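Hi,

Here's the structure I promised to pass along. Have a look at it first, and then read on for what turned up.

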Amino acid sequence: NDRKIPKMKPAHYLWMLLAVITALGSCKKSDFSHENQFDRSYQAWLDFKKNSLDSYSYKVSAGSWTGVSAETVITVKSGKVAGRGYELKNINRTTNQPYTMTSWKESSDSLNTHAEGAPPLTLDDVYEKAKTQWLLKRKNVKIYFEADNAGMISSCGYTQNGCVDDCFQGVHIHYIRPL
């Protein structure tokens with residue numbers, strides 16, 4: 001059989017190489033979990049941020065199996081943390097009613113004067129931590145992401161597999177409200 005196979009020109013090799021690189025690049029896996037949910041939530045956050053003029057408050061809650069719970073309300077004005085309030089509660093074992101053990105408020109001049117409570121972060125900071133810390137794929141953890149605050153982040157973090165008591169690393173946001 002005297003059929004000749006045509007030789008490829010160097011430009012054809014370049015196009016083939018580009019096609020292979022593009023195909024491999026588009027298959028790259030994300031290094032963080034819940035990426036699609038996060039992206040939708042982040043867009044809801046950007047819309048809220050614009051509509052609220054980046055001025056809002058949000059409540060971070062934490063609880064323990066022992067009945068102790070804490071709430072921190074963070075106030076942000078024009079993209080800067082302007083205040084933080086904290087309340088630590090417990091359950092009265094006799095009446096089964098909650099009572100306040102301690103509470104305080106900080107203004108912009110006194111931020112971080114108390115060790116307790118959620119850190120004074122803007123929601124931009126919270127979304128950044130979600131993407132770069134709490135949602136990172138890693139071994140031996142269960143990763144959580146919920147967006148029940150009008151599409152914005154409500155719970156984000158992880159727990160080590162096998163951990164049974166107060167193991168959550170992340171944030172629980174009870175509400176997000178414009179000022």
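The sheet in this predicted model is an open one, with seven strands in the order 4-3-2-1-7-6-5 and antiparallel pairing. Strand 4 and strand 5 (141–146) sit at the edges with a single partner strand each, so one side of each has no neighbour in the sheet. On average, neighbouring strands are turned by 15° against each other, ignoring direction.

A couple of the strand pairs are worth scrolling through. Strand 1 (residues 56–63) and strand 2 (residues 69–77) run antiparallel and are joined by eight bridges; Ala62 stands opposite Ala70 of strand 2. Strand 3 (residues 80–91) and strand 4 (residues 98–107) are also antiparallel, with nine bridges between them, and there Leu88 stands opposite Thr102 of strand 4. The hairpin of strand 3 and strand 4 has six residues between the strands, and Asn96 in that hairpin takes a positive phi near 60°.

As for helices, take a look at helix 3 (residues 123–134). It lies across strand 1, strand 5, strand 6 (155–160) and strand 7 (169–178), and runs at about 155° to strand 7.

Now the cysteines. How many disulfides does a search of the whole structure find? Just one: Cys163 with Cys167, the sulfur atoms being 1.4 Å apart. The link is left-handed, with -65° about the S-S bond. Cys163 has a relative accessible area of 40%, so it is partly exposed, while Cys167 counts as buried at 15% relative accessibility. Cys156 counts as buried too, at 0%.

Cheers

Methods:
Residues numbered from 1 in each chain as written. Predicted model: local features only at pLDDT ≥ 70, side-chain atom pairs only at ≥ 80, totals over all residues. Heavy atoms only, no water. Pairing = 2+ DSSP bridges. Helix = DSSP H or I, 4+ residues; strand = E, 2+ residues; numbered from the N terminus. Axes fitted to C-alpha atoms, helices over the stretch in contact; angles between N-to-C directions. Contact = heavy atoms within 4.5 Å. Disulfide = S-S within 2.5 Å. Buried < 20%, exposed > 50% of the residue type's maximum accessible area, 1.4 Å probe, protein only.
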